[in-house]
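Biologist: Could you show me how to read the contacts in a model like this one? I would like to begin with the strands and then turn to the chains.

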2 protein chains.
Amino acid sequence: MNGSLVPLGKPRPERADAVRNRELLLATVREMLAEGGTGCVTMDALAERARLGKGTVFRRFGTRAGIFRALLDADERIFQEQVLCGPPPLGPGASALDRMVAYGQARIAFLLDHHSIARAALDRNQPVPAGEATITRVHLRMLLGQAGLGLPDLDSLAIQLTGALEGPLLLYLALPEPDTPPSPAAGRPLADSWSILIHRLLRTEPGSTAT
Amino acid sequence: MNGSLVPLGKPRPERADAVRNRELLLATVREMLAEGGTGCVTMDALAERARLGKGTVFRRFGTRAGIFRALLDADERIFQEQVLCGPPPLGPGASALDRMVAYGQARIAFLLDHHSIARAALDRNQPVPAGEATITRVHLRMLLGQAGLGLPDLDSLAIQLTGALEGPLLLYLALPEPDTPPSPAAGRPLADSWSILIHRLLRTEPGSTAT
DNA sequence: CGCCTAAACGGACTTTACCCCGTTTAGCGC
DNA sequence: GCGCTAAACGGGGTAAAGTCCGTTTAGGCG
């Protein structure tokens, strides 16, 4: 399929068996996830089930958390695409305010969907290595810039809002049960307060024009 | 002090050797922390260094994260006291807005101080088991109530603000180096955007009295 | 003062992430 | 096809968290 489409920008793109094994491993992980939660995904068990050596698993993903990051990445890319070039409230074409609210709602739903995987993708040592957190921060930063509030240091604000959006789901509200029955209403309260927060944050000062 | 003040509400308060060993362990942990970061605090090493069995260490703290939680608790109690009955901007006696801003500043400084310990106190399985995160949520919730904005569901908002305050430090901005030289300026940007966030959040609507 | 019981202790055992390095193989040039 | 080299593979080895259970002891009671 795409083997001929890639013009080999890098000297060694990747060996065919490596690709095959990566996909085999990811498929196997998905199987195991379906059977028992993230807890039963063990490096040994995964390797054995995929009929590969343990070393191979680590070579592909580096760490246990890496497996789940790889799993997230696929869906994350789809999500990102919706944000970058999807229909208006979420994608471009709406006001910064509307897009921020829409983004929050979409992100909460996404994290709720991928809750157990997202948590498993957290690494005790590395502090979210430019993974799924970054997209939120970058996108919020951009929208804050577009919103044109006269604030210095939008970077810190973007980081803080990222914490407001993702922190509760990654840190505090971790649902204890392994398999989350798809309850889309669970994130409603959070989405509502996100909307309020953003509306008030971006509301222009009563008597100021720009400064 | 309080040893005689507690009228033994529970049948067995705690055995003397247990108390002695807990304190011995905590002191030993502090020693080890001073020498090498949290990384070198191993259950085995700790037990050996304190001349105790590993089982004892686990009995006392339950889990590795529990050790660091115990360590935090001491300082956390002091922090909490400042908040509950300290001088005005942080303690009672100021407006809800001023107190929220002051709390954010104080909390950021606190987390920055205890950064490595606070992160080590995070448990992969349990989602911050009513530990140091809760004080923030509860306190913010109370102040939001006092602020008297006409919003429903202040609980979610409090959770979200907790994420805004603590998420960046616990999740994203994890400084990689083991020993943080006390650089009090590191949290400045965050404290500033917290102030902005709170000011805008609590700002009363231009032409509305209550709704 | 000695008994008795519940609590504390100790350390071997199990599980799991992660490392290492000798072996195999894909894929390129001839 | 043939060989060569860098990459991938395999799986035993290590370290550290957490469990189990037999042994010891604090401390209340007769």
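Modeller: We take each DNA strand in turn, and after that the two protein chains. The model is predicted, so to say a few ground rules first: local features need pLDDT of at least 70, side-chain atom pairs count only at pLDDT 80 or more, and totals for chains, interfaces and linings use all residues. Residues are numbered from 1 along each chain as its sequence is written, chains are lettered from A and ligands numbered from 1 in the order in which they are written, and side-chain values use heavy atoms, with hydrogens and water left out.

Biologist: Which residues come nearest to DNA strand D?

Modeller: A residue is near a strand if one of its heavy atoms lies within 4 Å of it. Around DNA strand D there are 20 residues, and A:N21, A:K54, A:R59, A:R60 and B:K54 come nearest. Of the atoms of DNA strand D that come within 4 Å of the protein, 61% belong to sugar and phosphate.

Biologist: Which part of DNA strand D lies 2.6 Å from a polar side-chain atom of A:K54?

Modeller: A polar contact is a pair of N or O atoms within 3.5 Å; within protein, one must be able to donate a hydrogen and the other to accept it, and residues adjacent in sequence count only if both atoms are side-chain atoms. For A:K54 the partner is a base oxygen of DNA strand D. A:G53 uses a backbone N or O atom, which lies 2.8 Å from a phosphate oxygen of that strand. From chain B, the side chain of B:R15 has an N or O atom 3.4 Å from a sugar or linking oxygen of DNA strand D.

Biologist: Which element gives the most to the surface near DNA strand D?

Modeller: Helices (H or I, at least four residues) and strands (E, at least two) are DSSP runs, numbered from the N terminus. The answer is α3(A), with five residues.

Biologist: How many charged residues does the surface near DNA strand D have?

Modeller: Ala, Val, Leu, Ile, Met, Phe, Trp, Tyr, Cys and Pro count as nonpolar, Asp, Glu, Lys and Arg as charged, and the others, Gly among them, as polar. Near DNA strand D there are nine charged, six polar and five nonpolar residues.

Biologist: Which residues are closest to DNA strand C?

Modeller: DNA strand C is surrounded by 21 residues, and A:A16, A:K54, A:R64, B:N21 and B:R59 are the closest. Sugar and phosphate make up 69% of the atoms of DNA strand C that come within 4 Å of the protein. Two phosphate contacts can be listed: the side chain of A:T63 has an N or O atom 2.8 Å from a phosphate oxygen, and a polar backbone atom of B:G53 is 2.8 Å from a phosphate oxygen. The side chain of B:R15 has an N or O atom 3.1 Å from a base nitrogen of DNA strand C. α3(B) gives the most to the surface near this strand, with five residues.

Biologist: How many residues does each chain bring to the contact between chain B and chain A?

Modeller: Contact means heavy atoms within 4.5 Å. Chain B and chain A bring 40 residues each. Buried area is the accessible area (1.4 Å probe) that two parts lose on being put together, summed over both. Here it is about 3600 Å², with 62% from carbon and sulfur atoms.

Biologist: How many salt bridges does the rule find across that interface?

Modeller: A salt bridge is a side-chain nitrogen of Lys or Arg within 4 Å of a carboxyl oxygen of Asp or Glu. Across this interface the rule finds zero. It does find ten residue pairs in polar contact, both at pLDDT 80 or more.
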